[in-house]
Amino acid sequence: MDIIPTGAILGAMVRGIDLAAPLAEADFGAILRGLARHGVLCFPGQDLTPAQQVAFSRRFGTLEVHVSGVFQEPGHPEVMILSNLTENGKPIGLADAGQDWHTDMSFSRTIAFVNVLHARRVPRRDGRALGATLFASMVAAFDTLPAATRERIERLTATHDFAKFWEMMRARHAGTTARQPLTEAQRASKPPVSHPMVLRHPLSGRRSLYADPGYTVRVDGIGAAESAALLEELFAHQLRPEFRYAHQWTEGDVLVWDNLQTLHTAVADYGPDEPRLIRRCQAMADFVFGPEARRLTAAPALEAAG
Ligand code: OGA
Ligand code: MN
């Protein structure tokens, strides 16, 4: 297995491994190290069944079943279908997933570690792939904040709310979105939560800015106007072009990204006749903060010595 950095601010290609086969512990440790270092890993040329995707994804943490409860792979509720395809006039997947900057599950008490997306169909026009996924490095964003801001936000928490992104998408695509109004039960299952604004990565030790325009609604413990001004400043800073990386999809890609250190957005530049189909799993950040993840990523003795 080779991990080849893209040379950009984020990303590496992982070649020479078949994710359909059981994954050796040493390989998984190397994948975790690569992920902590590069933030986004692409495994090209994979062909996974939903069950194989679940088995691989589960290594990273407990799998989340999406709160919307729709567009699940039959027999595999942990696999969500992202697609603009329809069958008998009905959508087979969530067509507008992630179409603005966010990090996944920041609205959850237990936050997300990785997403594992497996591309089955990639939209194309004149041979060119569309529907890219863009990422932004929150390590780079944190590192380049003014020192006073870094110190300030290291002592602060912020509130995140699932409804912010959902309602924004409903408003933007009023009349066409498959997103229904959230029920009382769905809202109650995802109450707003607070998280530190700066995370120390459990595997790399690097700090990242943990606030995102998709879900972060309020800096806790300061005035409303001050909170709004601080969030506006951070949201503008964190999306500077030099922190960004674009993943152009190819059929067969398995893309794994680290939500503890990146934001992402889906580019909606394709039409209804340009099919996109991606299977998605979401692993939570329980395993990654535990001792087993640290043990697996400890450099082998030889490597340390040599
Ligand atoms: C997601 C997401 C982006 C995409 O799955 O969480 O934001 O490009 N997807 O499909
Ligand atoms: Mn997302």
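In this predicted model, a polar side-chain atom of Asn115 lies 3.2 Å from an oxygen atom of ligand 1. Two other side chains can be described in a similar way. For His264, an N or O atom of the side chain is found 3.0 Å from an oxygen atom of ligand 1. For Arg280, the corresponding separation between a side-chain N or O atom and an oxygen atom of ligand 1 is 2.6 Å. Taken on its own, ligand 1 has 290 Å² of accessible area, and the protein covers 98% of it.

Asn115, His264 and Arg280 belong to a longer list of residues around ligand 1. That list also includes Leu82, Gly98, Leu117, Thr133, Trp257, Ala266 and Arg276. His102 and Asp104 complete the surroundings of ligand 1, and these two residues lead on to the metal site.

The manganese ion (ligand 2) is coordinated by His102 through NE2, by Asp104 through OD and by His264 through NE2. These donor atoms sit at 2.1 to 2.4 Å from the manganese ion. Along the sequence, the donor residues follow the spacing H-x1-D-x159-H. Both His102 and Asp104 are buried. The three donors of the manganese ion, His102, Asp104 and His264, also appear among the residues around ligand 1.

It is helpful to turn next to the spaces within the protein. The count comes to four cavities of 30 Å³ or more. The largest cavity holds about 320 Å³ of space. Its lining is made up of 27 residues, and those closest to its centre are Ala97, Gly98, His102, Asp104 and Arg280. Several of these names are familiar from the ligand sites: His102 and Asp104 coordinate the manganese ion, while Gly98 and Arg280 are listed around ligand 1.

The open spaces can be described in the same manner. The largest pocket has a volume of about 300 Å³. It is lined by 16 residues, of which Asn84, Ala95, Asp96, Thr176 and Thr177 come closest to the centre of the pocket. Sorted by class, the lining of the largest pocket contains seven nonpolar residues, eight polar residues and one charged residue.

Definitions and conventions. Residues numbered from 1 in each chain as written. Chains lettered and ligands numbered in written order. Predicted model: local features only at pLDDT ≥ 70, side-chain atom pairs only at ≥ 80, totals over all residues. Heavy atoms only, no water. Donors = N, O, S within 2.8 Å, 3.2 Å for Na, K, Ca; no water. Buried < 20%, exposed > 50% of the residue type's maximum accessible area, 1.4 Å probe, protein only. 1 Å grid on protein atoms, 1.4 Å probe; cavity = no way out; pocket = protein on both sides within 12 Å on 5 of 7 lines; lining within 4 Å. Points joined across faces, edges and corners; volume = space filled by probe spheres on them. Nonpolar A, V, L, I, M, F, W, Y, C, P; charged D, E, K, R; others polar. Near = heavy atom within 4 Å. Polar contact = N/O pair within 3.5 Å; in protein donor to acceptor, adjacent residues only side chain to side chain. Areas by Shrake-Rupley, 256 points an atom, 1.4 Å probe, with all protein chains shown as cover.
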